[in-house]
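Biologist: I am new to this structure and would like a close look at a single part of it. Please pick one strand and describe its faces, its partners and its setting.

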Amino acid sequence: DDHQLIAVDGKRCVNRCLDGQFVAIGGDSCVESCDDGQVEGVGAVGVCLLECPLGQFVAVDGGRCVLGCVPPVLVGVDGKRCVGECSEGEIVDSGGSRCVDGCLEGEFVSSIKDRCVLSCSEFEFV
């Protein structure tokens, strides 16, 4: 591949961005960091994106994509971002991994903590 990128200094062509740099949106230049409203893609070569690809999530810090939300971090109700806690009006699903607008048919709202449970006799960790 003979595609070259414009170096961060804007004066040279390079074959790839240096470690710690990112390929800018548009794919024609290297940048020190992604712009506000953009996220850093997952992978060895840093790349700036407008949103994370399908199957990836925006990290809690909002600046990068991650392959998953690691507990106790939850998947947000939109299914696209990791959150530290559910927003008002949302509840943790019965699997304990994502925020939802409400419990599914046949599930119950726990009296012990704000989450959905499969049965009222389900042992719950407080």
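Modeller: What follows looks at one strand and then at the protein around it. The model is a predicted one. The strand is E6, residues 46-49. In a regular strand the side chains alternate between the two faces of the sheet. In E6, Gly46 and Cys48 make up the covered face, while Val47 and Leu49 make up the uncovered one.

Two residues of the covered face also appear in the pairing of E6 with other strands. Strand E3, residues 22-23, runs parallel to E6 and is joined to it by two bridges. Here Phe22 stands opposite Gly46. Strand E5, residues 39-40, is likewise joined to E6 by two bridges, but these two strands run antiparallel. In that pairing Glu40 has Cys48 as its bridge partner.

The largest pocket holds about 180 Å³ of space. Its lining includes Glu51, Cys52, Pro53 and Leu54, and also Asp78, Gly79, Lys80 and Arg81. By class, four of the lining residues are nonpolar, three are polar and four are charged.

As for the whole protein, E6 is part of a fold with 14 strands and zero helices. The radius of gyration is 20 Å, well over the 14 Å that the globule rule gives for 126 residues, so the protein is more spread out than a compact globule. Along the principal axes, the C-alpha atoms fill a box of roughly 65 × 25 × 25 Å. Of the 126 residues, 33% count as buried. Among contacts between residues at least 6 apart in sequence, 19% join residues at least 24 apart.

Conventions: Residues are numbered from 1 along each chain as its sequence is written. This is a predicted model: local features need pLDDT of at least 70, side-chain atom pairs count only at pLDDT 80 or more; totals for chains, interfaces and linings use all residues. Side-chain values use heavy atoms; hydrogens and water are left out. Buried means under 20% relative accessible area, exposed over 50%, partly exposed in between (1.4 Å probe, protein chains only). Helices (H or I, at least four residues) and strands (E, at least two) are DSSP runs, numbered from the N terminus. Two strands pair if DSSP finds at least two bridges between them. On a 1 Å grid over the protein atoms alone, a cavity is a set of points where a 1.4 Å probe fits but cannot get out, and a pocket is an open set with protein on both sides within 12 Å along at least five of seven lines; lining residues have an atom within 4 Å of a point. Grid points are joined across faces, edges and corners, and a volume is the space filled by probe spheres set on the points. Ala, Val, Leu, Ile, Met, Phe, Trp, Tyr, Cys and Pro count as nonpolar, Asp, Glu, Lys and Arg as charged, and the others, Gly among them, as polar. The radius of gyration is taken over C-alpha atoms; the globule rule is 2.2 Å times the number of residues to the power 0.38. Contact means heavy atoms within 4.5 Å.
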